[in-house]
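Reader: Could you take me on a close look at the place where the ligands sit in this model? I would enjoy one connected walk through the residues around them.

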Amino acid sequence: AVSEIVAVTQGDAASGRHRNDGRWQKMSPRTEEVQEHMSYVERTRQHRWRCSEVTFQCPEGALCRLWVSSITEQLQALAGRPKRLLVYINPFGGKQQGRRVYEQKVSPLFARAGIATHVIVTEYANHARDHLRTQAELDDFDGVVCVGGDGMFSEVVHGLVWRTQSDAGVDHHSPEAELQPCRLRIGIIPAGSTDCICFATVGTNDPVTSALHIIVGDSQPMDVCSVHHNNTFLRYSISLLGYGFYGDVLTDSERKRWMGPARYDFSGLKTFLTHHYYEGTVSYLPARGIMGNPRDRTKCRAGCLVCQHNGRLHQEQRAECDGEWRTVRGKFLAINAASMSCACPRSPKGLSPAAHLADGTTDLILVRKCSRLDFLRHLLRHTSKDDQFDLAFVDVHRVRRFRFTPRYCQSDSELELDLRENGKRLFSQICRDHPACGCAPAYSSWNCDGEILTHTAIEVGVHCQLIRLFARGIEEPAVFEDFTNPCAI
Ligand SMILES: CCCCCCCCCCCCC/C=C/[C@@H](O)[C@H](COP(=O)(O)O)NC(=O)CCCCC
Ligand SMILES: Nc1ncnc2c1ncn2[C@@H]1O[C@H](COP(=O)(O)OP(=O)(O)O)[C@@H](O)[C@H]1O
Ligand SMILES: [Ca+2]
């Protein structure tokens, strides 16, 4: 299909070599012949794309020029293809290879596709966010690309969403505000530690595949959660909002950045062994009248009908259908909100395998206090076919909004009620007053797409399809695809 051609150029046959059906062949130079080189997307294993090239021999220069100009015109007429991109590179993400990955693997492809770029290598945390908020001439670009991990993507989202609301006069501090969708699409070149947003929207963490999705101008809408505390905006979240286990893993791992991506494995093991639970109250608004639920077997894939159906519901229709707020009080090892599957190489099916990228909901996963062995069973199921929610101490709800209040942020009357119910002052209350006593802490932190949140009591709402990515969702492999033949296109 024309939509999967990267570029065409005219060459000549003077080199004496041409390629046919994917194979190089020696040929005698015939100066009257000219060649047309066409680069195109070729699918390989596990959702990876490659840029392949085929050369056509053309008997006459005029005919070849006609071919090239006609195909180039068709490519330029494809509306979704970006022509000018603003690129931010985090040189310290993941294994600190962002700059090399961009220069060696991505920049040559953008040049081949005739895309003009303005590249900024960030010099400090939040450089990209602040540049997008205040300085970037956004009208000059068709999209923004970030080279890094989920943290770098989050910076770009914060900059773009902030700028869009500010231009539209929307007050983002109001938890109820209807936010304006962003015009510019965002591309992710994975060069971070988890890269789960790239993995869950493309199916692989491969810079060349991501660059090709950008070049062909793919578009994937995505939900964004806003996180507030007392009517003050804190952050946006696109992948995981996790309190307890994932919050503690992140807090510990930030002190070990020098280990690179392996810091998460080290801190994951340490946090698992620590086995802390946290008390608090979770209230949530279940999403009703929608297609899909977190325990069904459907997966969000390219062209997802669930996202199309649920995304079409208007805000008022959603509000009419939604159920009553519900409240759960208890002791939790983990409270996770997954607005997408959160699939990544550590867990290819993700935290919530049936979550959708753009359905206006988030999957709230409550893991109540249980034994270490049971928690290990739950964690291990993220890496196997077994259902991680099919356990007595795990609940999952598809929600539009939720709130969390840690126990010792509860109002005096709630606390009094608790004290009367339990008839004693609990340990963790004492710990808050006497942190040196060394027993379990009363509070964890929220892991918000890999960034630590400073507040524990939060209110979260989902903004349906607020942003768009240069991606198309994970493609189902075509039944006729045969990757054993390298020449098959
Ligand atoms: C004993 C076997 C345990 C197997 C557990 C596997 C569970 C893995 C689920 C991973 C979910 C990841 C959710 C992704 C969050 C990212 O946004 C965040 C930041 O990414 P980046 O900026 O690219 O570093 N990553 C994390 O918070 C890491 C969580 C790792 C937990 C082990
Ligand atoms: N030049 C920079 N120096 C220091 N920190 C940066 C820089 N650019 C971005 N950051 C920050 O680095 C953190 C991690 O970035 P990320 O790209 O997610 O890598 P990783 O996946 O390894 O965590 C983010 O908080 C981001 O804001
Ligand atoms: Ca969602």
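## Around the two ligands

Author: Happy to. Please keep in mind that this is a predicted model. Let us begin with ligand 1, where a backbone N or O atom of D195 lies 3.1 Å from an oxygen atom of the ligand. G151 also takes part through its backbone, with an N or O atom 3.2 Å from an oxygen atom of ligand 1. N447, by contrast, uses its side chain: a polar atom there lies 2.9 Å from an oxygen atom of ligand 1. Taken alone, ligand 1 exposes 780 Å², and the protein buries 87% of that.

Which elements give two or more residues to the shell around ligand 1? They are α4, spanning 150-168, and α11, spanning 372-380. The shell counts 19 residues, and the closest are D150, T194, D195, Y264 and N447. Sorted by class, these residues around ligand 1 comprise 8 nonpolar, 8 polar and 3 charged.

And where does ligand 1 lie with respect to the domains? Domain 2 (81-219 + 470-489) and domain 3 (223-407 + 442-466) both give residues to its shell, so ligand 1 lies between them.

Now let us turn to ligand 2. Here 20 residues surround the ligand, and G94, G149, G151, E155 and S193 come nearest. G151 is thus a name to remember: it is among the nearest residues of ligand 2, and its backbone also has the 3.2 Å pair with an oxygen atom of ligand 1.

The polar pairs of ligand 2 involve both backbone and side chains. A polar backbone atom of G149 is 2.8 Å from an oxygen atom of ligand 2. From the side chains, a polar atom of N90 lies 3.0 Å from an oxygen atom of ligand 2, and an N or O atom of E451 is likewise 3.0 Å from an oxygen atom of this ligand. On its own ligand 2 has 570 Å² of accessible area, of which the protein covers 86%.

Helix α4 appears again here, giving the largest share of the shell around ligand 2, with 4 residues. By class, that shell has 5 nonpolar, 9 polar and 6 charged residues. Why does ligand 2, too, lie between two domains? Its shell takes residues from both domain 2 (81-219 + 470-489) and domain 3 (223-407 + 442-466), so the ligand lies between them.

Before we leave, here are two features to look at beyond the ligands. R472 forms a salt bridge with E4, with the closest N and O atoms 3.7 Å apart. R472 is in the segment after β19 (458-469) and E4 in the segment before β1 (5-12), so this pair ties together parts that are 468 residues apart in sequence. The whole structure holds 22 salt bridges.

The other feature is on the surface, where F56, L63, L66 and W67 form a nonpolar patch with about 350 Å² of accessible area together. Helix α1, residues 61-77, gives the most to this patch, with 3 residues; L66 has its place in that helix.

Definitions and conventions. Residues are numbered from 1 along each chain as its sequence is written. Chains are lettered from A and ligands numbered from 1 in the order in which they are written. This is a predicted model: local features need pLDDT of at least 70, side-chain atom pairs count only at pLDDT 80 or more; totals for chains, interfaces and linings use all residues. Side-chain values use heavy atoms; hydrogens and water are left out. A residue is near a molecule or strand if one of its heavy atoms lies within 4 Å of it. A polar contact is a pair of N or O atoms within 3.5 Å; within protein, one must be able to donate a hydrogen and the other to accept it, and residues adjacent in sequence count only if both atoms are side-chain atoms. Accessible areas come from the Shrake-Rupley method with a 1.4 Å probe; for residues, only the protein chains shown count as cover. Ala, Val, Leu, Ile, Met, Phe, Trp, Tyr, Cys and Pro count as nonpolar, Asp, Glu, Lys and Arg as charged, and the others, Gly among them, as polar. Domain bounds come from an automatic or database domain assignment. Patches are made of residues with over 30% relative accessible area and no salt bridge: like charges are joined within 9 Å, nonpolar side chains (Val, Leu, Ile, Met, Phe, Trp, Tyr) within 5 Å. A salt bridge is a side-chain nitrogen of Lys or Arg within 4 Å of a carboxyl oxygen of Asp or Glu.
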